[in-house]
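Me: I am new to this structure and would like a close look at a single part of it, explained slowly and with its surroundings. Please take one strand and follow it outward.

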Amino acid sequence: MIKLFVGLGNPGPEYEATRHNAGFWWIDALARELKATLVPERSYWGLAARVNVQGQSVWLLEPQTFMNLSGKSVAALARFFKIQPEEILVAHDELDIATGQVKLKRGGSHAGHNGLRDIHAQLGSSDYWRLRIGVGHPGVKAEVVNWVLKKPSPDQRVLIEDSIVHSLKAHTAMLAGDMEKATLLVHTTKPPRPKPPRPAAMPPAEPRPTGD
């Protein structure tokens, strides 16, 4: 099961509504779902909440170290509570996914994301889960930094918020350790097609009259 949910972002009001803080938005939504309150935790350099799920402690964490040092916060909490990489899920903004889409994966490279890069380094492992929240790409590599540190348009913000609401449907499966089901729930963006109605049973044929 996932024992540590992490959302990546930058602290401070000037960054609060920027694309790079999509991971914070996801953790905020999860906290509301679990009726948890994030509070400052100096030992872990972040805002954190601890909830009890079926007798098991589960942590929510928003590192306050700025994006490039996210791993310092994640590793401090994970090591203290002996949480393994495969029991960690990191929600973060993803340039390579269209705005409004979200994907779930385990392991892989950091793909240049500075928050993931530091988590890789501090955990000494890439074997954690990532919830990749699509924020789209500006189309030019030189514009990437400006893109993630700017606010999305109102329409784009709605798409991102909708994708967060959609992906949160998988949190129960994540907590139960059913990551196959969680992945299916996250990746299913369209409702299943309704089955065609079964043909009505034909009424029994009436007996034909016979001649005398």
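Reply: A good place to begin is a single pairing, in which Ala-91 has Leu-131 of strand S7 as its bridge partner. The model is a predicted one, and what follows should be read with that in mind. The pairing belongs to a longer run of contacts, since strand S5 and strand S7, which covers residues 129-134, are joined by six bridges and run parallel. On S5 there is also a pairing with strand S1, made up of residues 4-7, where four bridges are found and the strands again run parallel. Within that second pairing, Ile-88 in S5 stands opposite Leu-4.

How many of the seven residues of strand S5 are buried? Seven of the seven residues in S5, which spans residues 88-94, are buried, so the strand is largely enclosed by the rest of the structure.

The surroundings of the strand can be followed through the nonpolar cores. The largest of these has 37 residues, and among those with the most contacts inside it are Leu-89, Leu-104 and Leu-131, together with Phe-5 and Trp-26. Helix H1, residues 22-34, supplies the largest share of this core, namely eight residues. A second core, separate from the largest one, has 19 residues and includes Ile-88 as well as Ala-78, Leu-116 and Ile-119.

Leu-104 helps to show how the parts of the largest core meet, for beyond its neighbours within four places in sequence it is in contact with Leu-89, and also with Trp-129, Arg-130 and Leu-131. Other contacts of Leu-104 include Met-174, Met-179, Ala-182 and Val-186.

The second core leads to a pair of helices. Ala-78 of helix H2 is one of the residues that meet helix H3, and Ile-119 is one of those on the H3 side, where Asp-118 and Gln-122 also take part. The axes of H2, residues 70-80, and H3, residues 114-123, come within 7 Å and cross at roughly 40°, and the two helices are therefore oblique to each other. Their crossing is right-handed.

One further residue of H2 deserves attention, namely Ser-73. Ser-73 counts as buried because its relative accessibility is 0%, where the limit for that term is under 20%. Leaving aside neighbours within four places in sequence, Ser-73 is in contact with Tyr-44, Trp-45 and Gly-46, and with Leu-61, Pro-63 and Thr-65.

Conventions: Residues numbered from 1 in each chain as written. Predicted model: local features only at pLDDT ≥ 70, side-chain atom pairs only at ≥ 80, totals over all residues. Heavy atoms only, no water. Core = buried A, V, L, I, M, F, W, Y, C linked by side-chain atoms within 4.5 Å. Buried < 20%, exposed > 50% of the residue type's maximum accessible area, 1.4 Å probe, protein only. Contact = heavy atoms within 4.5 Å. Pairing = 2+ DSSP bridges. Axes fitted to C-alpha atoms, helices over the stretch in contact; angles between N-to-C directions. Parallel < 35°, antiparallel > 145°, perpendicular 65-115°, else oblique. Left-handed = near helix turned anticlockwise from the far one by under 90°.
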